[in-house]
Number of protein chains: 2
Amino acid sequence: MEEVNVVQTKNGTVSVASAFAGHKEAIQQRDHKFLRIAVEEAYKGVDCEDGGPFGAIIVCNDEIVARCHNMVLRNTDPTAHAEVTVIRKACEKLNQIELSDCEIYASCEPCPMCFGAIHLSRVKVGNALLFLRFSIYLYLLLMLKEFH
Amino acid sequence: MEEVNVVQTKNGTVSVASAFAGHKEAIQQRDHKFLRIAVEEAYKGVDCEDGGPFGAIIVCNDEIVARCHNMVLRNTDPTAHAEVTVIRKACEKLNQIELSDCEIYASCEPCPMCFGAIHLSRVKVGNALLFLRFSIYLYLLLMLKEFH
């Protein structure tokens, strides 16, 4: 059950607010802040002509550990999606192959390869990836169809 | 319908053979040859302590373009699976981000990340990956379960 706050304001009116709703809003603001940086990375990638318009960042204790964008064209590497490159960068920086203390924010819904990389690195996914579990099924079905 | 060959042998007996079966056998021999090399790469990776026991090769016109093994520990990179590293290597060598003229052979069933990389690079999968389309569903379900 949600916790309820009763707050008396300066002009004497009484507000009844949900603490859960406030918490949710704070999370959304935090998500928004990091997602904005991920999107900035996507713009940067397009400006540099490094690859497609996709950016991603990895955050640990509210600090950005690594930020990167799609580097497919720059590196001549079809696996150099923003999420994969940022995971590589963060692992190199932290000198560990596991990012369970970190969170990833991406400017777009990850593709199955990136989803796999996210899973393998154990990096947490933010609220921004809520639709991942639904879209992955559809995407995979389309992929598998090509092999038939 | 299968083509049928009638062959007279030296001792006068007549054999009836299926050309299709012969073709299939030839493919299997070819697959076996390349899979053997992929497995050799897996052994090599373990000897070097570069990562897990997984190897992969990319073949173009019956010639090996690139061969590599799991480099997760060596590169401190959870995305450096054999299939991903060999795709990167082949793309770098051929200076192209698309490998539709090539085939990949892996010592093990690829994980969803590697499957995604295979799809993105357009590299063909051999007969050795026949069970891929079935196993991928199960693996993905297990992965998604962790996010619930």
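In chain A, strand β3 (residues 55–60) runs antiparallel to β5(A), and 4 bridges hold the pairing; strands here are DSSP runs of E of at least two residues, helices are runs of H or I of at least four, and both are numbered from the N terminus. Two strands count as paired once DSSP finds at least two bridges between them. Within β5(A), Tyr105(A) is the bridge partner of Ile57(A). The model is a predicted one, with local features needing pLDDT of at least 70, side-chain atom pairs counted only at pLDDT 80 or more, and totals for chains, interfaces and linings using all residues. Residues are numbered from 1 along each chain as its sequence is written, chains are lettered from A and ligands numbered from 1 in the order in which they are written, and side-chain values use heavy atoms, with hydrogens and water left out.

The two strands sit in an open sheet of 4 strands in chain A, with the order β4-β3-β5-β6 and mixed pairing. At its edges are β4 (63–69) and β6 (124–125), each with a single partner strand, so one side of each has no neighbour in the sheet. Helix α3 (residues 82–94) of chain A lies across β3, β4 and β5 of that chain, at about 135° to β4(A). Such angles run from 0 to 180 degrees between N-to-C directions, with axes fitted as lines to C-alpha atoms, for helices over the stretch in contact.

Tyr105(A) turns up again in the aromatic pairs, of which a search of the whole structure finds 2 over all chains. Phe34(A) and Tyr105(A) make a tilted pair, 5.3 Å centre to centre with 40° between the planes. Phe34(A) belongs to helix α1 (residues 19–48) and Tyr105(A) to strand β5 (residues 103–106), so the pair ties together parts of chain A that are 71 residues apart in sequence. Rings of Phe, Tyr and Trp (its six-membered ring) pair if their centres lie within 6.5 Å, and planes under 30 degrees apart count as stacked, over 60 as edge-to-face and the rest as tilted. Both Phe34(A) and Tyr105(A) are buried, meaning under 20% relative accessible area (exposed is over 50%, partly exposed in between; 1.4 Å probe, protein chains only). In chain B, Phe34(B) and Tyr105(B) also form a tilted pair, at 5.3 Å and 40°, and both are buried.

Strand β3 (residues 55–60) of chain B is mostly covered, with 6 of its 6 residues buried. Gly55(B), Ile57(B) and Val59(B) are buried on one side, and Ala56(B), Ile58(B) and Cys60(B) on the other. β3(B) pairs antiparallel with strand β4 (residues 63–69) of chain B over 6 bridges, and Val59(B) stands opposite Ile64(B). Their hairpin has 2 residues between the strands, and there Asn61(B) takes a positive phi near 50°. β3(B) is also joined to β5(B), again antiparallel, by 5 bridges; Cys60(B) has Cys102(B) as its bridge partner in β5(B).

As for the helices of chain B, the axes of α3 (residues 82–94) and α4 (residues 112–121) come within 8 Å and cross at roughly 25°. α3(B) and α4(B) are therefore roughly parallel; that label covers angles under 35 degrees, with over 145 roughly antiparallel, 65 to 115 roughly perpendicular and the rest oblique. α4(B) is mostly covered, with 9 of its 10 residues buried, including Phe115(B) and His119(B). Just after α4(B) comes Arg122(B), with a positive phi near 70°.

Note on methods:
Contact means heavy atoms within 4.5 Å.
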